Amino acid sequence: MSYFTSLVTAGVLAVALAQAPAQAETPPNMLVVAQNIDDIVTIDPASAYEFSSGEYVANTYDTLVRYGAQDTTTLAPALATDWTMDAAAKTVNFTLRDGVTFHSGNPLRAEDVVGSWERVVALDKAPSFILTQLGWTKDNIRDMVKVDGNTVTVRYEGAFAPSFVLNVLAARPASVVDMQTVMANEVDGDMGHAWMNRNSAGTGPFILKTYRPAEILSLGANPEYYQGAPKMERVIIQHTPEGASQRLQLVAGDVDIAKNLDPNQISGLSGEGDIRVETYPQAAVHWVSFNQKVDALTDPAVWEAARYLVDYKGMTDTLLKGQMEIHQAFWPEGFPGALTDTPFSFDPEKAREILADAGVQTPINVTLDVISANPFVDMAQSLQSSFAQGGIDLEIVAGTGAQVITKYRARTHEAMLLYWGPDFMDPHSNAKAFAYNADNADDKYASTTTWRNAWMPPEDMNAMTRAALAEQDADKRLEMYMELQRATQAEAPFVIMFQAIKQVAMRDNVQGFVNGATSDYVFYRLVEKE
């Protein structure tokens, strides 16, 4: 029995064996994906804040407006057919699409929209800040969002650019859920949260069939999807942490797509005539951060020296070839407002001088948390070697994605090797994460790199972040974000190193797979097999 068939459920297995031909390949109506999904902490849209959970939400839920499968770069109607914005009154009026039903069969109601957003704010999980930045609280949201028939009127507080508001409402936590079904499964006041981590309650093209953490995520087609039923009746995402195993399964025909192959594994596919590799630019930036709760890491000279202890070119020419490119600012290249300057290079002698001039005693012993999967472990080993040349000794602590991210959110790490993707397509998404901290207290949790590293930016940086958010002149606003990126390059405890390039290997008969710049723009509904 192949590895593929050993992971599917009994019902799916019967279908697969009945439909599969003699040679190893997956059934024509089923897409099987090998992927490392151990970063998932939760799959409830109100709390999902990881890359893999973002892909899940994108395929099972909808927002009023979104960057869709047919064009991931243009904001388009989704559950709302049209909208009008009054910037002076700070309101947006949305007209809901007729005839949309949830996975349960319940019709979409305007009440589901406001109820979904109220639920996000009330649960106050990691991504709730995306909505609350519009001035919404659990006490005022019913005043800020009004419904009348199939019309939803949104009011917001703050001098925001209209594009910013729409981008917020296109973000993951703005997903609309079936409130009747969700609240029918509430336990001990959790607003259905536990149930939502085992079931889907959306309007999206796929319905959750099975989810077992760090094992399998199985989706079934929604035949009633308002944009047409997907061609694939089932999508099986099987957790396969090792790229070598993914490659073997792809070559054997046990999977259709392999998502986490390293450059050597990609190059090893060149002789496989029925397999192709697609490349997708990504919005994720990769960085090392230093927790300011650790005394040895609080001197700005340590941050500055570290920027010269990364072998940027060495890594992108070898172990990261085809997966990442050098990028040293928090907003990714390819998006308006990105700073593309790369002022830092590998220079251990300069790093040692910076530390010596500041009177920093070496060696500095630091633990570096890293996800135990490719390419992160290889990156950590390269950093361990290069940092040692400057007097910073890194002890690598590897763990699953969920373990590493949970530790990071608790501020119990020392140094961290991680990545960050925008929560929504606006430069404020990353500016707030890297250049702003409203309150650094332990009990003032914020889903930002600043708070999680216990760093309070200078007040002028905080003030500029607020000012850029409020700036109505589009060109001036982008220049302000570029200035913020220069400021964090100079005076933040982060070493931003790379921007991701996603290489996905797939069987040649797979067509229509969409992999946009972020995990929120990975879509399976257009996939078909030729």
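# A walk through the model, starting at Asp-442

Select Asp-442 and show its neighbours: leaving aside residues up to four places away in sequence, Asp-442 touches Lys-293, Arg-411 and Trp-451. Keep in mind as you go that this is a predicted model.

Asp-442 itself sits in the loop between H17 and helix H18 (449-452). Turn on side chains here. The side chain of Asp-442 makes a polar contact with that of Lys-293 at 2.8 Å, and another with the side chain of Arg-411 at 2.3 Å. Now follow Arg-411 to its other partner in this spot: the charged end of Arg-411 sits over the ring of Trp-451, 3.9 Å from the ring centre. If you'd like a sense of scale, draw a distance from Asp-442 to Val-176. Their C-alpha atoms are separated by 31 Å, with the two positions 266 residues apart along the chain.

**Next stop: the aromatic pairs**

Colour Phe, Tyr and Trp. How many aromatic pairs does the count come to? It comes to 25. Zoom in on Trp-117 and Trp-136: their ring centres are 5.3 Å apart and their planes make an angle of 25 degrees, so the pair is stacked. The two rings come from distant parts of the chain, 19 residues apart, with Trp-117 in helix H4 (residues 110-123) and Trp-136 in the loop between helix H5 (129-132) and helix H6 (141-144). Buried or exposed? Trp-117 counts as buried, at 0% relative accessibility, and Trp-136 is buried too, at 1%.

For another geometry, jump to Phe-164 and Phe-424, an edge-to-face pair with 5.6 Å centre to centre and 75 degrees between the planes. This pair also links distant parts of the chain: Phe-164 belongs to helix H7 (residues 162-169), while Phe-424 is in the loop between strand E16 (415-420) and helix H17 (428-435), 260 residues apart. Both Phe-164 and Phe-424 are buried.

Before leaving the rings, select Tyr-49, Phe-129, Trp-287, Trp-303, Phe-330, Tyr-408, Trp-420, Phe-434, Trp-455 and Phe-494 together. Ring pairs link these residues into a cluster.

**Into the nonpolar cores**

Go back to Trp-117 and Trp-136, which reappear here. The largest nonpolar core has 119 residues, and Phe-94, Trp-117, Trp-136, Leu-383 and Met-497 are those with the most contacts inside it. Which helix gives the most to this core? That's H4, with seven residues.

Pick Leu-383 and expand the selection around it. Beyond residues up to four places away in sequence, Leu-383 touches Val-288, Val-310, Met-315, Leu-368, Ala-388, Leu-394, Leu-417 and Met-497. Another core lies apart from the largest one; it has 32 residues, among them Tyr-56, Met-196, Tyr-211 and Phe-513.

**Over to Met-506**

Hold on to Phe-513 and select Met-506, in strand E17 (residues 494-507). Outside the four-place window in sequence, Met-506 touches Leu-250, Asp-256, Ile-257, Asp-274, Ile-275, Arg-276, Glu-278, Tyr-280 and Phe-513. Met-506 counts as buried because its relative accessibility is 1%, and the cut-off for buried is under 20%. Now draw a line from Met-506 to Val-33: the C-alpha atoms are 9.0 Å apart, although the residues are 473 apart along the chain.

**Strand E1 and its partners**

Val-33 brings you to strand E1. What about its cover? E1 (residues 30-35) is mostly covered, with six of its six residues buried. Look along the strand: Met-30, Val-32 and Ala-34 point one way, and Leu-31, Val-33 and Gln-35 the other. In a regular strand, side chains alternate between the two faces of the sheet.

Show the backbone and check the partners. E1 pairs with strand E10 (residues 234-239) in the parallel sense over six bridges, and Leu-31 stands opposite Val-235 in E10. E1 also pairs in the parallel sense with strand E11 (residues 257-258), over two bridges. There, Ala-34 stands opposite Ala-258.

**Last stop: Gln-485**

Finish by selecting Gln-485, found in helix H20 (residues 474-491). Is this polar side chain's residue buried or exposed? Gln-485 is buried, with a relative accessible area of 0%. Show what surrounds Gln-485: not counting residues up to four places away in sequence, Gln-485 touches Ala-329, Phe-330, Trp-331, Gly-337, Ala-338 and Leu-339. Phe-330 should look familiar, as one of the residues in the ring cluster.

Terms used
Residues numbered from 1 in each chain as written. Predicted model: local features only at pLDDT ≥ 70, side-chain atom pairs only at ≥ 80, totals over all residues. Heavy atoms only, no water. Helix = DSSP H or I, 4+ residues; strand = E, 2+ residues; numbered from the N terminus. Buried < 20%, exposed > 50% of the residue type's maximum accessible area, 1.4 Å probe, protein only. Contact = heavy atoms within 4.5 Å. Pairing = 2+ DSSP bridges. Phe/Tyr/Trp six-rings, centres within 6.5 Å; stacked < 30°, edge-to-face > 60°. Lys NZ or Arg CZ within 6 Å of the ring centre and 35° of its normal. Polar contact = N/O pair within 3.5 Å; in protein donor to acceptor, adjacent residues only side chain to side chain. Core = buried A, V, L, I, M, F, W, Y, C linked by side-chain atoms within 4.5 Å.
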